[in-house]
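Colleague: I'd like to learn how to read a model like this one, starting with the domains and then going down to a single strand. Can you take me through it?

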Amino acid sequence: MAVEVLVTDRDGKGHALEAGGARPLMEVLREANVGVEGTCGGACACGTCHVYVGSAWADKLPPRSEDEQMMLEAIAELVEVRPNSRLSCQIPLGEELSGISIEIGPVP
Amino acid sequence: MNAPVKLQLLLDAQRLERNPFPIPTGWFFADYSENLAKGEVRNINFLNQEWVMFRGENGKVGISDPYCPHLGAHLGHGGTVVGDHIRCTFHHWEYDAEGFCKHIPYAKVMPPICKKQPVLRTLPVVERYGMIWAWYHPEAADPQWELPAIPEMEEPGYVKPRRWSGAVNTAIQEVAENGVDNVHLKYLHGAPIVPPTTATFDRHTMQINIGMGYIIGDMYGPGLNVMRFTKDGVTATMVSYSVPITRDRTAMNMSFTYKDYPQGSKERAIAEHLVAHSIGEAEGESSAGFESVDMIVWNNKKYRAKPLLCDGDGQIIKYRQWFKQFYPGFENSEKI
């Protein structure tokens, strides 16, 4: 079943994406060319897949791992990191997340 | 009709291996300190793989895996020492002697793991006795003991060590086993008697006493053996530091020294004779040194994990049980 993802890009423009299977959100965003590079491939080493998660959805996600937390702290010196900041490579898109809204975050 | 025979003993030979051992844990000799200048990078082969050895401007020696954690370039081909770091030629990522990534010239944000832990495998290194020593553990665990003090190598008043090096096609455990095999001293080397030998074992150390104090050998893990030959109150010291090059080949290295007795003195003559004796060059002796007779055995033997021993064979099994501690993960191996 497809999972719907509502994206606001850095220009404020909205995109409705359909993703199949339980894939990392980062990959879906990268393929959709909405401003996510995902350079390190999901290793919490680059911070380029930073997103702000819609407030209704932030609590439904698995908590940040130590590696994700450290990467977010590292980019926080250069860009704005908020309580709802996540690395989208660490968000597996299950069906329960269908309809999730996210905003592409700033990267260094 | 004959009684049934124990077939295992007859058929074991078909399954024997020359060297069933992994590389053991311990401190191992990498090179003499004088052979690595500040700023130098060199590829070395030991411990069953290639490593890149370098000395930073601060004098500290690093011994690392060859392949850059970034995109796999070989640090020892084109890599250079920059300050205290080794710099990969490909994208100029820099690593310190502990394997931490210290600099990426074009990264706005360093990957967080670079602060948290080493990303390049390096061996813990110390320099002692004028040598570079590396700690090896298959799972990269920290050193479990320290190298001992060897006054003859570290304090003034001793002659400049005479060195010997060679290589043998067998595993390091097999080389050191001859230390507890006192019987072969008579039959292989031609010593006049089987010298009485005792061995005591304590954690990573083993002490052997051959000929009631004639030779006291202190072994510290697989890679360091300090043997003191004493006659008429004069002691000559042989420091032996074998190191596995591969699982099948061992480099044997030795330094011989003794107190700097006056030239022409009786003591100096005795000490010189003891050194010559230990390497089998003593005149007027029938006993052969290891080079001429041990090599034939080491280079051609296979390892019997279940040897047929007799009552006179001494400490062989105890030695092997002691040595097993240096093969973490192989405690229950039938082959060792």
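Colleague: How many Å separate the centres of domain 1 and domain 2 of chain B?

Modeller: Domain bounds come from an automatic or database domain assignment. Here, that assignment gives domain 1 as 26-136 and domain 2 as 151-326 in chain B, and their centres, taken over C-alpha atoms, are 33 Å apart. Nine residues of domain 1 of chain B and 15 residues of domain 2 of chain B take part in the contact, where two residues count as touching if their C-beta atoms, placed from the backbone, lie within 7 Å. Keep in mind that this is a predicted model: local features need pLDDT of at least 70, side-chain atom pairs count only at pLDDT 80 or more, and totals for chains, interfaces and linings use all residues. As for labels, residues are numbered from 1 along each chain as its sequence is written, while chains are lettered from A and ligands numbered from 1 in the order in which they are written.

Colleague: Which strands supply the side of domain 1 of chain B that touches domain 2 of chain B?

Modeller: Strands are DSSP runs (E, at least two residues; helices are H or I, at least four), numbered from the N terminus. On that side of domain 1 of chain B, β1 (26-32) and β2 (41-46) each supply at least two residues, and β1(B) gives the largest share, four residues.

Colleague: And what is the chemistry of that side of domain 1 of chain B?

Modeller: Ala, Val, Leu, Ile, Met, Phe, Trp, Tyr, Cys and Pro count as nonpolar, Asp, Glu, Lys and Arg as charged, and the others, Gly among them, as polar. That side of domain 1 of chain B has six nonpolar residues, three polar and no charged.

Colleague: Now a single strand: how many residues of β18(B) are buried?

Modeller: A residue is buried if 20 or more other C-beta atoms lie within 10 Å of its own, exposed if 12 or fewer, and partly exposed in between, with C-beta atoms placed from the backbone. In β18 (residues 250-258) of chain B, eight of nine residues are buried, whereas buried residues make up 33% of the 336 residues in chain B.

Colleague: Which strands pair with β18(B)?

Modeller: Two strands pair if DSSP finds at least two bridges between them. β11 (residues 162-168) of chain B pairs with β18(B) in the antiparallel sense over seven bridges, with G166(B) opposite M252(B). β16 (residues 234-240) of chain B is antiparallel to β18(B) too, over five bridges, and A236(B) stands opposite Y258(B). β17 (residues 243-244) of chain B makes two antiparallel bridges to β18(B), and a hairpin of five residues joins β17(B) to β18(B).
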